[in-house]
Amino acid sequence: MPLRARTRTLAVAATATALAATGLALPLATNATAAPSPATLTSDFDGDGYDDLFVGVPNGSVGGKAKAGYVSVVFGGENGPGPHSVRRITQATVEVPGTPESGDRFGGSVTAAHVDDDKYADLVIGAPGEDIDDKADAGSVTVLYGTGDGFALANTAARGAKAGDVYGNSLVAADFTGDTDVDLAIGGKDKVVANFNPLAADTQPLMADRMGGRAPVMTTGDFDTDGLPDLALAYYTKNQPYTQSHLRLYGWNKDEGSMANFWNNSNGAANALVSGDFNGDNYDDLAVGNCREIADENIDDPCGPEELTKGGGIHIRFGGPNGSFGWEQQTFNQDTAGVPGVAETGDGFGDTLTAADIDADGHDDLIAGAPGEAIGSAAKAGSITVLKGGEMGLLDPAGAANPGVAAYQQNSPDILGVAQAGDLFGGALAFADHNGDGVPDLSVAAPGENASSGGVWNLPGAKAGGSVVTPNSLGLPASLDPWAYGAVLGK
């Protein structure tokens, strides 16, 4: 479930070192107020009480090997990520299986989970370009275990069975079976497999279908109200050899001992998925980002009214009692009353999503990225929108966005930097408690920043202010390809 925390105003946590390296200006600090309630730590790899920022850098060079890839771990602390220690994890790291090779794309997907049941979060890393024996791009998944000094042992959790499987194209972790142990859903090419024992490379098929070479979009939530997390899966293909798009839900079937498909919605493609309780009824809802029709038929109105898909529509399917998922729906875009901006082709509103109850009112809030948004004459500079949950979800009875909506981009007051063409601000989003105050902090990536060098902005409490980390501020080694730092943001 997303973090829930009490909102308050935060002091700025930028450092002189980071600012000097990035050339970004320092925003004005504000005064902190009362201490918030604690939040659940999900990515605290060293057990110090602070969530850590972790970023996959599959384009990174390692030992002169182009796109061998690595993971950048920026440890949290009272000043947020950046001023504290940093760790670069590669396949040359002592604990990690394998060897850095060109095109491995280690860090192509990353997630955090408590695999071994201790207090330290563990890092799960996909390498979709990994060659296994003579099988090119079979792909692999590695689990690296957290310890008091950062990380310790590692093991391989998945290996592609044949050339081109690209295991590790995408990842999610949850206890799907209810045995208290973490399980993995692993996206590959035209398939998804599951590992119900990440301590070993033991996978079994979950779903196979054409995906047009794209990584499947996945998230988790309890959509059938059986007390276990389910897998939400979206994918689409065009003209290979037919056009199709699907949103599917899978849950654990105890009788079959496997994941079973229990809900489908066809013809609507999605670029992002996130679960949250947006109407506060204690049932998980599903937000579908940049939902639009791909197939020619519209059998079940998969993305809501067609006019609301312009520029990127966000479609909400609400959970309900007795597994009555999806009957209640909401759809909106940047032409919806109360939503900042104007719906324009190419904005990509909803291309990225994340959710948390940032004001602790019992309703999860939704943050939507629009990395294709033009800011003035700067094409694809990007923006994000913070949408507030309420009794009816993200919209009020009149169909307008709830009060309290906020939009940010790099020309906003107290947001570091300047909006420039191709920055793609909002290109990835995540929530974690990096400064240990119990309030969820929003990470916003701009992978196109500085000629695709990239960067990640930390917005405490999802408000303007905070700090930014970039490859230069972290002292990362030069790469043969643009880093696009933040394009793969861990959650």
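# Chat notes: a strand residue, a buried strand, a core and two cavities

User: Starting with Ala152: leaving aside neighbours within four places in sequence, which residues is Ala152 in contact with?

Analyst: Glu95, Leu144, Tyr145 and Thr147 are in contact with Ala152, once neighbours within four places in sequence are left aside. Keep in mind that this is a predicted model.

User: Which strand is Ala152 found in?

Analyst: Strand S7, residues 150-159.

User: Is Ala152 buried, partly exposed or exposed?

Analyst: Partly exposed. The relative accessible area of Ala152 is 25%. Buried would need a value under 20%, and exposed one over 50%.

User: And how far apart are Ala152 and Gly80?

Analyst: In space, 23 Å from C-alpha to C-alpha. In sequence, they are 72 residues apart.

User: Switching to S9. How many residues of strand S9 are buried?

Analyst: Six of the six, across residues 183-188. S9 is therefore largely enclosed by the rest of the structure.

User: Which residues sit on each side of S9?

Analyst: Asp183, Ala185 and Gly187 are on one side. Leu184, Ile186 and Gly188 are on the other. Both faces are covered, and these residues are all buried.

User: Why do the residues split that way?

Analyst: Because side chains in a regular strand alternate between the two faces of the sheet.

User: What does S9 pair with?

Analyst: S9 pairs with strand S8 (residues 170-174) in the antiparallel sense, over five bridges. S9 also pairs with strand S10 (residues 191-195), again antiparallel and over five bridges.

User: Which residues are matched up across those strands?

Analyst: On the S8 side, Leu171 has Ile186 of S9 as its bridge partner. Towards S10, Gly187 stands opposite Val192.

User: What about the hairpin of S9 and S10: how many residues are between the strands?

Analyst: Two residues. In that hairpin, Asp190 takes a positive phi near 60°.

User: New topic, the largest nonpolar core. Which residues touch the most other members?

Analyst: Ile316, Phe332, Leu366 and Leu387, out of 19 residues in that core. Four strands each supply at least two residues of the core: S17 (272-276), S19 (313-317), S21 (352-356) and S22 (365-370). The largest share, three residues, comes from S22.

User: What does Ile316 touch, not counting residues up to four places away?

Analyst: Its contacts include Phe332 and Leu366, both named above among the residues that touch the most other core members. Ile316 also touches Phe278, Asp285, Leu286, Ala287, Glu328, Gln329, Gln330 and Leu394.

User: How many cavities of 30 Å³ or more turn up in the whole structure?

Analyst: Two. The largest has a volume of about 70 Å³, and the second largest about 30 Å³.

User: What lines the largest cavity?

Analyst: Thr42, Ser43, Asp52, Leu53, Phe54, Ala430, Phe431, Ala432, His434, Ser443, Gly490 and Lys491. Strands S1 (53-57) and S25 (428-432) are the elements that give two or more residues to this lining. S25 gives the largest share, three residues. By class, the lining has five nonpolar, five polar and two charged residues.

User: And which residues line the second largest cavity?

Analyst: Leu247, Asn265, Gly268, Val288, Cys291, Pro302, His315 and Arg317. Here the elements that give two or more residues are strand S18 (285-293) and S19. S19 is also one of the strands that supply the largest nonpolar core. The second cavity's lining has four nonpolar, three polar and one charged residues.

Conventions:
Residues numbered from 1 in each chain as written. Predicted model: local features only at pLDDT ≥ 70, side-chain atom pairs only at ≥ 80, totals over all residues. Heavy atoms only, no water. Core = buried A, V, L, I, M, F, W, Y, C linked by side-chain atoms within 4.5 Å. Buried < 20%, exposed > 50% of the residue type's maximum accessible area, 1.4 Å probe, protein only. Contact = heavy atoms within 4.5 Å. Pairing = 2+ DSSP bridges. 1 Å grid on protein atoms, 1.4 Å probe; cavity = no way out; pocket = protein on both sides within 12 Å on 5 of 7 lines; lining within 4 Å. Points joined across faces, edges and corners; volume = space filled by probe spheres on them. Nonpolar A, V, L, I, M, F, W, Y, C, P; charged D, E, K, R; others polar.
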